[in-house]
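Here's a walk through a protein model, one spot at a time. Keep the structure open beside you and follow along.

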Amino acid sequence: MEALKIERLILREWKETDSKDLYEYAKSELVGPNAGWKPHQNEEESKEIIKMFIRSSDTYAVVLKEENKVIGSIGLHDRKPDDSLVALKQKEIGYVLHPKYWGRGIIPESANRVITYGFNKLNLELIWCGHFNFNHNSKRVSEKCGFTYRFQKKEKLKLLGNKDVTTLYYCMFKSNYIEDNDSFNKYVSVK
């Protein structure tokens, strides 16, 4: 994975030594259940998740430069929510952030950098963004980043004891990204 730098952040590969930072936010009831997984029980569980991130090579650690600390994760995952569009080269963006850093524009900043990377370097034609209907923070991120609502699906979350949820799916086609590129530039200034 190519490290991506933004004004306040570095998006980089995970390291096993990040387990303390990951556990600090992954143990929160405010994080995992909003993303579809149970809070981590201990730092060892976080270390195992980091090993999975390293193997899959599709999830970045979000590092806040001023603290040199991992405060979240963001990735482009191989998912195709709409069967009618499976022929397109596509990924789904997913992210979580330490609650201490909510409301600072960190995820929109990270997401816009990953979107730019996805369209310009990976040559994606379509990027998806999904969230559960109760996750209002993720809804705001989708809107701020310029995603367009597409549809919703009822699903069962295996990792949360088969909890019934409604997932709202948004997408962005490369053609829309190119048309709206000026709105992205305010987030993607590299320093």
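Let's begin with D58, a residue that is buried yet has no salt bridge in this predicted model. The nearest side chain of opposite charge belongs to K91, and that is 6.4 Å away. A salt bridge needs the nitrogen and the carboxyl oxygen within 4 Å of each other, so at 6.4 Å K91 doesn't qualify. To find D58, look in the loop between α3 (43-56) and β3 (59-64).

What does the side chain of D58 make polar contacts with, then? One partner is the side chain of S56, at 2.9 Å. Another is the side chain of H77, at 3.0 Å. If you leave aside neighbours within four places in sequence, D58 is in contact with M1, F53, I74, G75, L76 and H77.

Now for pairs that do make salt bridges. Side chains of opposite charge can pair when their charged atoms come close. The count for this model comes to eight salt bridges. Take E109 and R8, whose closest N and O atoms are 2.7 Å apart. This pair links distant parts of the chain: E109 sits in helix α4 (residues 106-120), R8 sits in the loop between β1 and β2 (9-12), and their positions lie 101 residues apart in sequence. E109 counts as buried because its relative accessibility is 7%, under the 20% cut-off. R8, with a relative accessible area of 30%, is partly exposed.

Two other pairs make a nice contrast. D18 and R12 meet through their side chains in a salt bridge of 2.9 Å, N to O, and both of these residues are buried. D164 and K156 also meet in a salt bridge, at 2.8 Å from N to O, but here both residues are exposed. There's a network as well: salt bridges link D21, E24 and K69.

Next, step back and trace the sheet. Eight strands form an open sheet with mixed pairing, and their order is β1-β2-β3-β4-β5-β6-β8-β7. Which strands stand at the edges? They are β1 (4-5) and β7, and each has a single partner strand, so one side of each is left without a neighbour in the sheet.

Stay with β7 for a moment. This strand (residues 148-157) runs antiparallel to β8 (residues 163-173), and nine bridges join the two. You can follow the pairing residue by residue: K153 stands opposite T167 in β8, and L157 stands opposite K163 in β8. Together β7 and β8 form a hairpin with five residues between them. In that turn, G161 has a positive phi of about 65°.

What about the aromatic rings? A search of the whole structure finds seven aromatic pairs. W128, F151 and Y169 form one aromatic cluster.

Our last stop is Y25, found in helix α1 (residues 19-26). Is Y25 buried or exposed? Its relative accessible area is 1%, so Y25 is buried. Setting aside residues up to four places away in sequence, Y25 touches W14, V31, V70, I71, G72, S73, V96, H98 and P99. W14 is worth a second look: Y25 and W14 are 11 residues apart in sequence and 15 Å apart in space, C-alpha to C-alpha, and yet the two residues touch.

Key: Residues are numbered from 1 along each chain as its sequence is written. This is a predicted model: local features need pLDDT of at least 70, side-chain atom pairs count only at pLDDT 80 or more; totals for chains, interfaces and linings use all residues. Side-chain values use heavy atoms; hydrogens and water are left out. Two strands pair if DSSP finds at least two bridges between them. Helices (H or I, at least four residues) and strands (E, at least two) are DSSP runs, numbered from the N terminus. Buried means under 20% relative accessible area, exposed over 50%, partly exposed in between (1.4 Å probe, protein chains only). Lys and Arg count as positive and Asp and Glu as negative; His and the chain ends are not counted. A polar contact is a pair of N or O atoms within 3.5 Å; within protein, one must be able to donate a hydrogen and the other to accept it, and residues adjacent in sequence count only if both atoms are side-chain atoms. Contact means heavy atoms within 4.5 Å. Rings of Phe, Tyr and Trp (its six-membered ring) pair if their centres lie within 6.5 Å; planes under 30 degrees apart count as stacked, over 60 as edge-to-face and the rest as tilted.
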